[in-house]
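Student: I have a model open and want to learn how to read it. Can you take me through it feature by feature?

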Amino acid sequence: ILAGFRFVVFDKEFYSNEFVKYGIYDKLGKDTVDSNSNDLLGYLSGKSELTTDFFNAREKVHLLDVKVLIKQALFTFNIIGIIILLLISYLIVKKRFNELGNVAFSSGITTLLLLILFIGAIVYNFDKLFLGFHLISFNNDLWVLNPETDNLIVMFPEAFFYDISMKIVVITGIFSSVLMISGLIVRHYSVKTIKY
């Protein structure tokens with residue numbers, strides 16, 4: 001899931017497609033949107049500071065909270081990735097291929113089942129899920145923005161976050177399916193090797 005998030009969060013092409021889809025370029029102007037979204041992505045990725053006046057003081061404080069949240073998510077992704085690679089290396093060195101296959105298969109299918117539940121929650125009531133995410137993730141109400149005064153919510157309406165959630169689901173689903181199939185293959189050949 002974090003891998004899916006990692007692939008989407010800084011995907012400029014995805015952002016551009018969303019700006020077209022929801023008429024953001026028409027509302028704010030293509031040059032303005034592209035310039036400020038590039039500045040924003042640079043800021044959120046830690047590559048630059050946010051110096052634009054396009055976002056007001058309240059939005060900038062919220063964006064700092066978002067930046068911290070993204071940094072924590074990517075840090076967690078990196079730590080989990082390292083742990084997984086170490087465990088895979090250990091199982092390979094010890095030639096415990098059947099166990100490796102079992103773990104890969106069960107991890108893939110468990111994630112797919114969780115995704116089904118998540119998709120159900122998104123489709124059934126995304127508004128409630130979106131609200132719950134903000135209440136859990138932030139300890140202030142700076143995320144409550146006004147489209148009349150705050151450019152951030154104009155650039156990124158709630159529908160954008162619905163789409164980004166679904167894209168993460170699709171990417172995670174692909175990763176999970178590959179993991180599950182890989183687990184079956186490794187398990188099959190490890191059993192075959194043991195027989196001979």
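Student: Start with the surface. Is Lys-21 buried or exposed?

Tutor: Keep in mind that this is a predicted model. Over 50% relative accessible area counts as exposed, and under 20% as buried. Lys-21 has 53% relative accessibility, so Lys-21 is exposed.

Student: Which residue does the side chain of Lys-21 meet in a salt bridge?

Tutor: For a salt bridge, look for a Lys or Arg side-chain nitrogen within 4 Å of an Asp or Glu carboxyl oxygen. Here the partner of Lys-21 is Asp-163, at 3.0 Å from N to O. Lys-21 belongs to helix α2 (residues 12-21) and Asp-163 to helix α8 (residues 158-195). The pair therefore ties together parts that are 142 residues apart in sequence.

Student: Is Asp-163 buried or exposed?

Tutor: Asp-163 is buried, at 11% relative accessible area. Its partner Lys-21 is exposed.

Student: How many salt bridges are there in the whole structure?

Tutor: A search of the whole structure gives five. One of them joins Asp-141 to Arg-58, with 3.8 Å between the closest N and O atoms. Asp-141 sits in the loop between α6 (97-137) and α7 (151-155), and Arg-58 in helix α5 (residues 57-93), so this pair links parts 83 residues apart in sequence.

Student: How accessible are Asp-141 and Arg-58?

Tutor: Asp-141 is partly exposed, at 48% relative accessibility. Arg-58 is partly exposed too, at 32%.

Student: Which residue 84 positions away in sequence from Arg-58 can I check in space?

Tutor: Check Leu-142. Set the sequence separation beside the distance in space. Arg-58 and Leu-142 have C-alpha atoms 6.5 Å apart, with their positions 84 residues apart in sequence.

Student: Which residue forms a salt bridge with Arg-96?

Tutor: Glu-99 does, and the N to O distance is 2.6 Å. Arg-96 is partly exposed, with 32% relative accessible area. Glu-99 is partly exposed as well, at 35%.

Student: Now the backbone. What is unusual to look for in the phi of Lys-95?

Tutor: Look at the sign of phi, then at the residue type. Lys-95 has a positive phi of about 60 degrees, yet Lys-95 is not a glycine. Lys-95 is placed in the loop between α5 and α6. Its relative accessibility is 65%, so Lys-95 counts as exposed.

Student: How do the helices on either side of that loop, α5 and α6, run relative to each other?

Tutor: Read the angle between the axes. For α5 and α6, the axes cross at roughly 165 degrees and come within 13 Å. Angles over 145 degrees count as roughly antiparallel. So α5 and α6 are roughly antiparallel to each other.

Student: Is the crossing of α5 and α6 left-handed or right-handed?

Tutor: The α5 and α6 crossing is right-handed.

Student: At what angle do α1 and α5 cross?

Tutor: At roughly 130 degrees. The axes of α1 (residues 2-9) and α5 come within 10 Å. The two helices are therefore oblique to each other. Handedness is a separate reading: α1 passes α5 in a left-handed crossing.

Student: Which residue of α1 can I use as a landmark?

Tutor: Try Phe-5, which is found in helix α1. Phe-5 is partly exposed, with a relative accessible area of 22%. Its C-alpha lies 8.6 Å from that of Ala-73, and the two residues are 68 apart in sequence.

Student: Is Ile-122 buried or exposed?

Tutor: Ile-122 is buried, at 1% relative accessibility. Ile-122 is in helix α6. For a second point, take Met-166, 44 residues away along the chain. The C-alpha atoms of Ile-122 and Met-166 are separated by 8.3 Å.

Student: Which residues form a nonpolar patch on the surface?

Tutor: To read a patch, pick out the neighbouring nonpolar side chains, then take their accessible area together. In this structure the patch is formed by Phe-75, Ile-79, Ile-82, Ile-83, Leu-86 and Leu-87. Together they have about 600 Å² of accessible area. Leu-87, one of the patch residues, is found in helix α5.

Note on methods. Residues are numbered from 1 along each chain as its sequence is written. This is a predicted model: local features need pLDDT of at least 70, side-chain atom pairs count only at pLDDT 80 or more; totals for chains, interfaces and linings use all residues. Side-chain values use heavy atoms; hydrogens and water are left out. Helices (H or I, at least four residues) and strands (E, at least two) are DSSP runs, numbered from the N terminus. Buried means under 20% relative accessible area, exposed over 50%, partly exposed in between (1.4 Å probe, protein chains only). Patches are made of residues with over 30% relative accessible area and no salt bridge: like charges are joined within 9 Å, nonpolar side chains (Val, Leu, Ile, Met, Phe, Trp, Tyr) within 5 Å. Accessible areas come from the Shrake-Rupley method with a 1.4 Å probe; for residues, only the protein chains shown count as cover. Axes are lines fitted to C-alpha atoms, for helices over the stretch in contact, and angles run from 0 to 180 degrees between N-to-C directions. Angles under 35 degrees count as roughly parallel, over 145 as roughly antiparallel, 65 to 115 as roughly perpendicular and the rest as oblique. A crossing is left-handed if the near helix is turned anticlockwise from the far one by less than a right angle, and right-handed if clockwise.
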